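Here are my notes on the model, point by point. Please read them with the structure open.

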Number of protein chains: 2
Amino acid sequence: MNDAFKSLDREKQNRILDAGFQEFAEKGYKQASTNQIAKAAGIGKGTLFYYFKNKQSLFHDLIEEAFNIADETYLSQINFEETDFFERLRESSELKMEVYRKQEHALTFMAQVFMHMNEYKLPERLLEKRKQAEEIWGSVLTKNIDFSKFRDDIPQEKTFNYIRWTIEGYRMELEQRIKLQGLSALSNVKLEPYYEEFYDHLDTLKMIYYKEEFR
Amino acid sequence: MNDAFKSLDREKQNRILDAGFQEFAEKGYKQASTNQIAKAAGIGKGTLFYYFKNKQSLFHDLIEEAFNIADETYLSQINFEETDFFERLRESSELKMEVYRKQEHALTFMAQVFMHMNEYKLPERLLEKRKQAEEIWGSVLTKNIDFSKFRDDIPQEKTFNYIRWTIEGYRMELEQRIKLQGLSALSNVKLEPYYEEFYDHLDTLKMIYYKEEFR
DNA sequence: AGAATTGTTGACCAGCCTGGTCAGTAAGGG
DNA sequence: CCCTTACTGACCAGGCTGGTCAACAATTCT
């Protein structure tokens, strides 16, 4: 990523970044095609290599950019004053949705990178960032949370995991549903009804896992 | 799949089938490589095409074979007399594990095919099978189940989904854990402690979602 | 025994796609 | 007018693709 790229207008930058995020997230480093990325971004192949010196450096730059995006629009916005678990969960989910709106494939790309991190020999600089990110991502739903609101006949760790897994399962099914009904991009989908559905699930989970007096 | 293949000894057949399952499950139809499959199965490339007439027919045969395996060692073994949800869940999980032991990648292959079914133009014969399979797979955790044991302050459908999602989340984390700790094949991993862990989760879920008198 | 059949292989094929280059074009600013 | 910068796609060598096939090996038949 050189100065030429950085001085592009934001829209074009984002188009290129997102094309890269999507291709690498879908196929992994080796199988990803720079031709595809250029085509999806709507630029010539030469131009891609005019902005990035080669495939590997493009990949590294994408990782760094994804970290930055996640940092700026997600992690740094989390309100760690909020001690209620479900409120924190709601806020963090909404922030995540913000990221999706800005850069639809940044987060799936990040997840892919996290999963296969060990296969890629990344420079020290990125490994360091990853370590930091891992910690803070893990703290989003734990740091300064009032876990005493959970019913105490179920081990706290289980409660925590069960809620995580349930939400994750719901998220995946929702993704599937949206993908099936319309081929439209996420940005074109009316999201309001899904929010209501999601809040409803949060309430139900509160019913299930909170002590009576906190429901 | 011709007579030559069918008259191979079981072990070699399974080696080839599983190599195919794995490759297609990992990369999808187009990206899958017949070279890789032959190499992974430990046979020459020519031999693979001596057994199967071409890539597409190999793919179709694998689908059919996967359906048969799932049918024989999983679906047909489910005891639909058992009306307790968690007992049914336990049994079906153990049966699934049987399938894994016999053909490690058959089920992930099937899942992949189900997901991307619409992209492949499959012959009528397979589409029909799929339709049937879909119905019966859906019925495994519902048909003849006594849902009245669930607490009735939470909608039954939610209860059902939440348990599914929780178990699925647990399964994925377990897979991750096993993959990390040892690179050994599933068949070499001591499974007993995991079973205990799994049963423990089932008990906890019973605590959460059953009426008091059925816990 | 030898002949005939069946099983198995990897070198080989044309063709596609790969990451990357670079001569050439276009545009803008001085 | 030149100089710089932005941008492109034809082009390259090389790797991998699905698939073939002549040659060889093993087994079975006569």
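1. Start with the surface near DNA strand C. Its largest share, 4 residues, comes from α4(B). This is a predicted model. The elements that give two or more residues to this surface are α3 (34–41) and α4 (45–51) of chain A, together with α4 (45–51) of chain B.

2. Which residues come nearest to DNA strand C? There are 16 residues around the strand, and the nearest are A:Lys45, A:Lys55, B:Thr47, B:Tyr50 and B:Tyr51. Of the strand atoms that come within 4 Å of the protein, 61% belong to sugar and phosphate. By class, the residues of this surface are 5 nonpolar, 8 polar and 3 charged.

3. Look next at the phosphates of DNA strand C. A polar backbone atom of A:Ala32 is 2.8 Å from a phosphate oxygen of the strand. For a polar backbone atom of A:Lys55, the distance to a phosphate oxygen is 2.6 Å. Chain B also contributes: a polar side-chain atom of B:Tyr50 lies 2.5 Å from a phosphate oxygen of DNA strand C. A:Lys55 and B:Tyr50 also appear in the list of nearest residues.

4. Now DNA strand D. It is surrounded by 17 residues. The closest are A:Thr47, A:Tyr50, A:Tyr51, B:Lys45 and B:Lys55. Sugar and phosphate make up 62% of the strand D atoms that come within 4 Å of the protein.

5. Which element gives the largest share of the surface near DNA strand D? That is α4(A), with 4 residues. The surface holds 6 nonpolar, 8 polar and 3 charged residues.

6. The phosphate contacts of DNA strand D deserve a check by eye. A polar backbone atom of A:Gly44 is 3.0 Å from a phosphate oxygen of the strand. In chain B, a backbone N or O atom of B:Ala32 lies 2.8 Å from a phosphate oxygen. B:Asn35 uses its side chain: a polar atom there lies 3.2 Å from a phosphate oxygen of DNA strand D. Two or more residues of the surface near this strand come from each of α4 of chain A, and α3 (34–41) and α4 of chain B.

7. On to helix packing in chain B. Helix α2 (residues 10–31) packs against α3(B) at an angle of about 140 degrees, with the axes 8 Å apart. The two helices are therefore oblique to each other. Their crossing is right-handed. From α2(B), the contact uses B:Arg15, B:Ile16, B:Ala19, B:Gly20, B:Glu23, B:Phe24 and B:Lys27. From α3(B), it uses B:Gln36, B:Ile37, B:Ala40 and B:Ala41. That contact divides into 6 nonpolar, 2 polar and 3 charged residues.

8. How does α2(B) meet helix α5 (residues 55–73) of chain B? Their axes come within 10 Å and cross at roughly 115 degrees. That makes α2(B) roughly perpendicular to α5(B). Here the crossing is left-handed. On the α2(B) side, the contact residues are B:Leu17, B:Gly20, B:Phe21, B:Phe24, B:Tyr29 and B:Lys30. On the α5(B) side, they include B:Lys55, B:Phe59, B:Leu62 and B:Ile69. By class, this contact has 9 nonpolar, 2 polar and 3 charged residues. B:Gly20 and B:Phe24 of α2(B) touch α5(B) and are also in the contact with α3(B). B:Lys55 is also among the residues closest to DNA strand D.

9. Further along chain B, helix α7 (residues 106–116) packs on helix α8 (residues 124–139). The angle is about 110 degrees and the axes are 12 Å apart. These helices are therefore roughly perpendicular to each other. α7(B) passes α8(B) in a left-handed crossing. The contact joins B:Leu107, B:Met110 and B:Phe114 of α7(B) to B:Arg130, B:Ala133, B:Glu134 and B:Trp137 of α8(B). Its residues are 5 nonpolar, no polar and 2 charged.

10. Last, the overall picture of chain A. How many helices and strands does chain A have? The count is 10 helices and 0 strands. Its C-alpha atoms fill a box of roughly 65 × 40 × 30 Å along the principal axes.

Terms used. Residues numbered from 1 in each chain as written. Chains lettered and ligands numbered in written order. Predicted model: local features only at pLDDT ≥ 70, side-chain atom pairs only at ≥ 80, totals over all residues. Heavy atoms only, no water. Near = heavy atom within 4 Å. Polar contact = N/O pair within 3.5 Å; in protein donor to acceptor, adjacent residues only side chain to side chain. Nonpolar A, V, L, I, M, F, W, Y, C, P; charged D, E, K, R; others polar. Axes fitted to C-alpha atoms, helices over the stretch in contact; angles between N-to-C directions. Parallel < 35°, antiparallel > 145°, perpendicular 65-115°, else oblique. Left-handed = near helix turned anticlockwise from the far one by under 90°. Contact = heavy atoms within 4.5 Å.
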